[in-house]
Amino acid sequence: MKAKPGRPSALGAALAQIGACGLFFVSILAALPRSLRYLRETSRQVYFVGAMSLVIIMTCGLFVGMVLGLQLYHTLSIFGGTAALGTVVALSLYRELGPVVTALLFAGRAGTSITAEIGLMRATDQLAAMEMMAVDPLAYVVAPRFLAGLIAMPLLACVFNALGIFGAHLVGVSWLGLDNGTFWSNMTANVEVWGDVVNGVWKSAAFGGVVALIATFQGYTTAPTSEGVAYATTRTVVFSSIVTLALDFVLTAFLM
Amino acid sequence: MTQRQSFQIGTGLFILLGFAALGYLATQTTSLANFEQGPSYSLKARFTNVGQLKLRAPVKIAGVRIGSVATIALEPDKLDALVTLAIDKRFSQLPEDSAAAILTSGLLGDQYIGIQPGGAPDALRDGDELVLTQSAIQLEELIGKYLVGGNTPGKTGGEPGKTPDAAK
């Protein structure tokens, strides 16, 4: 279908969104030095997006680990390789599941609240009022939330991983009767600090930055109506999930 | 003021917890964790072939874990593998003539060291060597032997009859 003159096509609108998001990212980076004055605000945001997400991250990490332990135990027992359970669980958690699932949960738990908060600030003209008072909303509102996402995500992913290992241990060793020493010895023999654990940390930091960027961008550019805020919140979750998974593929290809 | 402080305490706790988790993952679940802790004493055993034995593999008596493999090294002059076992201090009454064998849990499972207690009155002490050993059974060599007819040159065949009942 041909686009009507004067109205951008769907493709053009999508490209414009991506372009605007990129420019927004640059302006956040430019605002970062100025936002250093508001460190207390940043730490408050770390509390909101990080510490308040701990319960859901820990619960989900525990259950993901338990499910992994159960599924892999049954699959590995076909080949008589249940001894590799610890290794397989640790590697899949550190490399993929930890960063990705944490990012998806983070988008749902923290990204939405960031979008809704900034979107309502936009809808109720609080952002305009800040500009009137010579307070840069990019430095005071947006940059601290972006930084908080960047800081909180790796920490949350580590907590997720630790709880996942605990859950797999619970199922594999305490319930299904795998030998405790075999579980740990195989894991410690095959998992590396830099290759696996730290790569996962880099990945989760990248995801945290992307989710926080999308959330703040959607909130900042929302249509200033209640419907607009609703759409922006939905878009945050959808775009964050898509970009996280796509970026995961690219990062995995680079970090391998 | 108190509310602001509670935010900061929460943030601090969260960051501490995150770094504690990172530290735990990095030191306890990776190759950094390969030092055994806890009170233990060490025994040595020589094998002509350790097969797929790994560090921290369990050491068992009667199927119960009593320790783990601390080091595996090649003895330069004798050209056999010297394995150091870290045995829990609680099990310090192993008779001197106990035998060590490298066994496999299941057909394709992981290898561990099984110790068959002897009957001597004296106990093994820290740093002593288990003289009677049985190497890992190489499955592919066994198969080769049966297929070709048993002329594989072999220190490695496992000598199933040498150590009495060690596979039990």
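Here's a quick walk through this two-chain model, chain A and then chain B, and how they meet.

Okay, before anything else: what we're looking at is a predicted model. The overall scores are ipTM 0.80 and pTM 0.72.

Let's start with chain A. If you're looking for strands there, you can stop, because the count is nine helices and zero strands. Walk along from the N terminus and you just read alpha after alpha: α-α-α-α-α-α-α-α-α. The C-alpha trace spans about 65 × 50 × 30 Å along its principal axes. There are 256 residues in the chain, and 47% of them count as buried. I also checked how far apart in sequence the contacting residues are. Taking contacts in chain A between residues at least 6 apart, 88% link residues that are at least 24 apart.

One spot in chain A that I'd like you to find is A:Asp125. It sits in the loop between helix 4, residues 85-123, and helix 5, residues 126-132. Its phi is near 60°, so a positive value, and this is not a glycine. As a reminder, most residues other than glycine have a negative phi. Is A:Asp125 buried or exposed? Exposed, because the cut-off for that is 12 or fewer other C-beta atoms within 10 Å, and A:Asp125 has 12.

Now over to chain B. The domain assignment gives two pieces here: domain 1 covers 2-33 and domain 2 covers 40-148. Their C-alpha centres lie 40 Å apart.

Chain B also has the sheet. It's an open one with eight strands, in the order 7-1-4-3-2-6-5-8, and the pairing is mixed. Which strands stand at the edges? Those are strand 7, at 129-130, and strand 8, at 132-134; each has a single partner strand, so one side of each has no neighbour in the sheet. For a pairing to look at in detail, take strand 5, residues 99-104, and strand 6, residues 111-116: they run antiparallel and are joined by six bridges. Within that pair, B:Thr104 stands opposite B:Gln111 of strand 6.

Chain B has a positive-phi residue to look at as well, namely B:Leu79, at about 55° and again not a glycine. You'll find B:Leu79 in the loop between strand 3 (64-74) and strand 4 (81-88). B:Leu79 is exposed, with 9 other C-beta atoms within 10 Å.

So where do the chains touch? The contact takes 32 residues from chain B and 33 residues from chain A. On the chain B side, helix 1 (2-28) and strand 3 each supply at least two residues. Which element of chain B gives the most? That's helix 1, with 14 residues. Sorting the chain B side by type, you get 17 nonpolar, 11 polar and four charged residues.

Last thing, on confidence. Chain B has a mean pLDDT of 79, and 80% of its residues reach 70 or more. There's a stretch to be careful with, though: over residues 161-168 the pLDDT is below 50, and that stretch has 13 contacts in the model beyond near neighbours in sequence. Where pLDDT is low, the predicted coordinates shouldn't be read in detail.

That's my tour, thanks for listening.

Methods. Residues are numbered from 1 along each chain as its sequence is written. Chains are lettered from A and ligands numbered from 1 in the order in which they are written. This is a predicted model: local features need pLDDT of at least 70, side-chain atom pairs count only at pLDDT 80 or more; totals for chains, interfaces and linings use all residues. Domain bounds come from an automatic or database domain assignment. pLDDT is the predictor's confidence in each residue, from 0 to 100. Two residues are in contact if their C-beta atoms, placed from the backbone, lie within 7 Å. Helices (H or I, at least four residues) and strands (E, at least two) are DSSP runs, numbered from the N terminus. A residue is buried if 20 or more other C-beta atoms lie within 10 Å of its own, exposed if 12 or fewer, and partly exposed in between; C-beta atoms are placed from the backbone. Two strands pair if DSSP finds at least two bridges between them. Ala, Val, Leu, Ile, Met, Phe, Trp, Tyr, Cys and Pro count as nonpolar, Asp, Glu, Lys and Arg as charged, and the others, Gly among them, as polar.
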